[in-house]
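Student: Could you take me through one part of this protein up close? I'd like to see how a single helix sits in the whole fold.

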Amino acid sequence: MTDNNVGLRSARGPVLLAMMLSTGLIAIDSTIIATAVPSIVRDIGGFTEFPWLFSVYLLAQAVSVPIYGKLNDLFGRKPVILWGIGLFLVSSVLCGIAWSIVPLIAFRVLQGLGAGAIMPTTITIIGDLYSVRERAKVQGYVASVWGVASVVGPTLGGVFSEWVSWRWIFFVNIPICLLAGAMILRRFHERVERRRPAVDYRGAALLAAGLTLVILGVLEGGQAWAWTSPTGIAVLGAGVVLLVAFGFVERSAPDPVLPLWIFRRRLLLSSGFLAVGVGAILLGLSSYIPVYVQEALGTGPLVAGLALGALTIGWPISASQAGRVYLRVGFRGCALIGSSLVVGGVALLLRLDQRSSVYEVGAYCLVIGLGMGLTAAPTLIAAQSSVGWTERGVVTANNIFLRSLGSALGVAVFGAMANAVVGRGAVDPARLTDAVHRIFIAMLLVSVVMVVLAGLIPRAADAVTEEAATASPAPAR
């Protein structure tokens, strides 16, 4: 199939629309709940516990992504994504009827497990259905979902919280889940080679337990407990021990849940560590730009959200055009351009002080967002294109997991840096400005490493961009 058959009106259009709807569930959920937190706390209490609404969701999603990626390769994409949508639907209903903060946190865990299935599977299905050339155009459709969600999510959260009820931030998922699930059931067909897979239960259990403890230790270290406390050391130590045991188990497993060859290929390593950097910078900016704009520059929450919105708008704009760039200059060239823009944007953030305008903050975030769009998606597509159908699910999931791990590490490191300067009690604008400057310096170092990693992408990865425009991979085996 050629590029002329790419779009929502093509034969594959209904499946593409279903993937966009599924992606929309995750994109909107990542932005809609933040604006509803005050309303949730007023209604069911739990001010001290509300950060867990975010951390347990991120934890459950990150831990489950590698396992779902392997299940994609073992059993096919369709059952995995339908399971994820179904679990997301049920958990959204449960979140909407939660009677206190503790069950709401528990139901957010289920939501995270559903998101862990949806996120890698949608990207894997797109990788199956479209060739590298076609994905240059399809990328624009998927990127537009994140752009719309960056505006619609916070707006809906505010409207529901103020005029209806915060519970509708979860109920709004119901029609989207039903529509996406129905379209996948009717229009997505795949041919999966029926065999008796050797499910790596030991590896999956060790991986899930180890990652849970490590990410939990990173997220809560310096918050729920001190880094050097017995609890902090025990949680991180136990997680590392379980992951080491997982590595030994995978060496002898007949069909490992996370094959170790992923960490021996230069392209997969460079694209994976780039994802770590993307996750760290993205969540670092999302966490501290709104605080800086409100506390240091003296603006309101809406203006702070708009400043950060420049980042989430710039990303899909450049991601939609990234296909044209990597088809012209290759994956490595595209990633070098993108990561260099990130370096420039983060360097500009160092110019900010208490006299800066919100427009400056938004402009610098826009530059970073444009760079992210030229870095994240193209490097993931390069990794996907280097493997066949039976390995694409686990490669995609590994990249997404590493981005989540980068986010968790970024939150922990940047949080420790900020707390060391700001301290406890009332926030002083001068100390806060100093704290975010230190965070920006750390981000600058991360972005420079990203440029180096982009340069390590092998030129051989660009061979797939030279394939004939009519070439299209088989949708399944």
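Tutor: Let's start with the whole chain, then zoom in on helix 15 and follow its neighbours outward.

Before anything else, keep in mind that this is a predicted model. The protein chain is built from helices: there are 16 of them, and zero strands. The C-alpha trace spans about 60 × 50 × 45 Å along its principal axes. Is that what you'd expect for a compact globule? Let's put it as a "what" instead: what radius of gyration would a compact globule of 477 residues have, and what does the protein chain have? The rule gives a value near 23 Å and the chain has 22 Å, so the two agree. Buried residues account for 55% of the 477 in the chain. Contacts also reach a long way along the sequence: of those between residues at least 6 apart, 83% join residues at least 24 apart. On the outside, the chain exposes about 19700 Å², with carbon and sulfur atoms supplying 67% of that area. As for charge, there are 34 positive and 23 negative side chains, and the centres of the two sets lie 7 Å apart.

Now for the close look. Helix 15 covers residues 389-422, and T396 is found in it. Is T396 buried or exposed? Its relative accessible area is 0%, so T396 counts as buried. What covers it? Leaving aside neighbours within four places in sequence, T396 is in contact with P120, I123, T124, L380 and Q384.

Three of those names, P120, I123 and T124, take us to helix 5, which runs over residues 101-129. Helix 5 is mostly covered itself, with 23 of its 29 residues buried. You can also check its length with a bit of arithmetic. At 1.5 Å a residue, helix 5 should span 42 Å, and its end C-alpha atoms are 42 Å apart, so the expected and modelled spans agree.

Here's a handy thing to remember while you turn the model. An α-helix has 3.6 residues a turn, so residues three or four places apart point the same way.

Next, slide along helix 15 to V421, which also lies in this helix. V421 has a relative accessible area of 14%, and because the cut-off for buried is under 20%, V421 counts as buried. Setting aside residues up to four places away in sequence, V421 touches R431, D434, A435 and R438. Those partners lead into helix 16, which spans residues 429-455. You can follow the link through the backbone too: V421 and V436 are 15 residues apart along the chain, and their C-alpha atoms are separated by 9.3 Å.

Helix 16 includes P429, which is partly exposed at 28% relative accessible area. Not counting residues up to four places away, P429 touches E295, A296 and Q354. Remember Q384, one of the contacts of T396? The C-alpha atoms of P429 and Q384 are separated by 45 Å, with their places 45 residues apart along the chain.

For a last comparison, try helix 6, residues 132-163, where you'll find L156. L156 is partly exposed, with a relative accessible area of 25%, and its C-alpha atom is 9.1 Å from that of W168, twelve residues away along the chain. V138 lies in helix 6 as well, but this residue is buried, at 1%. From V138 to G323 is 185 residues in sequence, yet 8.8 Å in space, C-alpha to C-alpha.

Technical notes
Residues numbered from 1 in each chain as written. Predicted model: local features only at pLDDT ≥ 70, side-chain atom pairs only at ≥ 80, totals over all residues. Heavy atoms only, no water. Helix = DSSP H or I, 4+ residues; strand = E, 2+ residues; numbered from the N terminus. Rg over C-alpha atoms; globule rule 2.2 N^0.38 Å. Buried < 20%, exposed > 50% of the residue type's maximum accessible area, 1.4 Å probe, protein only. Contact = heavy atoms within 4.5 Å. Areas by Shrake-Rupley, 256 points an atom, 1.4 Å probe, with all protein chains shown as cover. Lys, Arg positive; Asp, Glu negative; His and termini not counted. Charge placed at Lys NZ, Arg CZ, Asp CG, Glu CD. Expected span 1.5 Å × (residues − 1).
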